[in-house]
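Here are a few short exercises to work through with the model open beside you. Try each task before you read its solution.

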Amino acid sequence: MNLALPAAQGRSGHLYESLAAEIANMIGAGVIKSGEKLPSIRKLSTQRDVSLSTVMQAFRVLEDRGLIEVRPQSGFFVRRQLLRQPPTISAPPPQPTLVAIDDVRRRILQETRKENGMALGAALIDPTLFPNQALQRLLSGITRRQPELIGSYAIPPGRIELRRQLARRSLEWGGELDPEQLVITSGCIESLHLALRAVTQPGDVVAIESPVYYGILNLLEALGLKAMEIPTHPQTGMSVDALELATRNGSVKAVLVVANYGNPLGSLMPDANKQRLVQLMAERGIPLIEDEIYGDFYHGTERPTPLKGFDSGGNVLLCSSFSKVLAPGFRVGWVAAGRYQRRVEALKAITTMSTPEMLQLTLAQFLEGGGYDHHLRRLRRACVDQVHAMFDAVCRHFPPEAKVSLPQGGYVLWVELPQQVDTVRLLQVALAEGISFAPGVLFSSTPGQYAHCLRLSAGGRWRPEVAQALARLGQLLQQHMHG
Ligand SMILES: Cc1ncc(COP(=O)(O)O)c(C=O)c1O
């Protein structure tokens, strides 16, 4: 691509501004298309006869304006999100509801978890993207050298070797987690379960995002808690303004947030909002539970900071696991519960007591050996490609009215369709053809909410069959809308 237009100076006289304006015009006119790669900084600097820093500044301006995005080791691209409008900010009912998942939703969940056909519903990664053999070698070495691990178990908080590695990794986001403040769990769901039990009583109200991951709704139901759904923006996450209002009268006893790449929206809360949220909850004395399971799954160049990174008083309970990024089958997670740590530890002891030590040691050795970052880079690259391929296919095959999210991390896409669409009925038709997805009704405690939305998972490897399934789903959707 040649961007060798005459170099003109911008109104304020800065060369980088006029370069940015010219590129913006070319994007607007469709000369450079959504998803297309821009020339490298070096090439553009030669073509335009300007310095490297001028080009870099121009790219920064375009990035800030949301027109282009950087992809690690690949360069600058015109943002794909320009192809389609993102979904709108949600508007859930303003009252809390006792969560009761009905039979229809329970059946849908079972159906979308089945692995036959083209399963685009469950948020699972293709198992071949994990370093299974390396982990298997470490595990067999450990059980060979320490067979006594099969004949015993330890009390919480879990193996210090793994807690040390997790603490070391927190340096990456500027955190200083203390290994002594971590409790190892059996997956993020157990982490959230323990955190909720540590800070709530049955009947309490918990503020959550809307739409929200259905595993969180299942937990609230099992614990007899009420959900207060808070409007959530597809790009910036839970509205802190709305939460501020909702937590004014003291009825909300805990807040549970996925600030880094929420599921199903893929939203990323900006740092300023994170800071305000953490401060607000500390001031109001409301414990803040953070589900950080997707934090390592960023698509850009930098890992986002968890809410915990803004917490100085121990009010944030950070919950996470290795289920999305390394070893779903191990079911190993953790909680950094701040001032609730002793309570979480005691609750772990009376629920599942111990998470298999040989699995904890395997993960600790894998992290210590330095293979984790290399693996994460590969995994992220594969998933970004899969997400983009799915986004492009949805844009191509779904009706133009469909609004589609382009996640900034993780690998799920949220599709908002015209109000008359009923994605549960669409699912029934799709299932008959072996295609599944997660209909929107799964993501709210209010029956019928998000009935016109659906979530697609791009965790599987991109294959012609996936493209065909999306094309067919687009046709079924057209028939549903116009039939
Ligand atoms: C936001 C979120 N939290 C927690 C989980 C479950 O984590 P785990 O399998 O470690 O229990 C998921 C799984 O999809 C998720 O999307």
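Helices (H or I, at least four residues) and strands (E, at least two) are DSSP runs, numbered from the N terminus. This is a predicted model, in which local features need pLDDT of at least 70, side-chain atom pairs count only at pLDDT 80 or more, and totals for chains, interfaces and linings use all residues. Residues are numbered from 1 along each chain as its sequence is written, and side-chain values use heavy atoms, with hydrogens and water left out.

**Exercise 1.** Locate Pro211 and describe the peptide bond from Ser210.

Step 1: Pro211 sits in the loop between strand E6 (205-210) and helix H8 (214-222).
Step 2: The Ser210 to Pro211 bond is cis, with omega near 0°.

**Exercise 2.** Is Tyr261 buried or exposed, and what is the sign of its phi?

Step 1: Look in the loop between strand E9 (252-257) and helix H10 (271-284) for Tyr261.
Step 2: Its phi is positive, about 65°, although Tyr261 is not a glycine.
Step 3: Buried means under 20% relative accessible area, exposed over 50%, partly exposed in between (1.4 Å probe, protein chains only). Tyr261 has 3%, so it is buried.

**Exercise 3.** Work out which strands stand at the edges of the open sheet of four strands.

Step 1: Two strands pair if DSSP finds at least two bridges between them.
Step 2: The order is E13-E14-E17-E16, with antiparallel pairing.
Step 3: E13 (403-404) and E16 (438-439) each have a single partner strand, so one side of each is left without a neighbour in the sheet.
Step 4: For E16 and E17 (residues 453-457), the antiparallel pairing runs over two bridges; Pro439 has Leu454 in E17 as its bridge partner.
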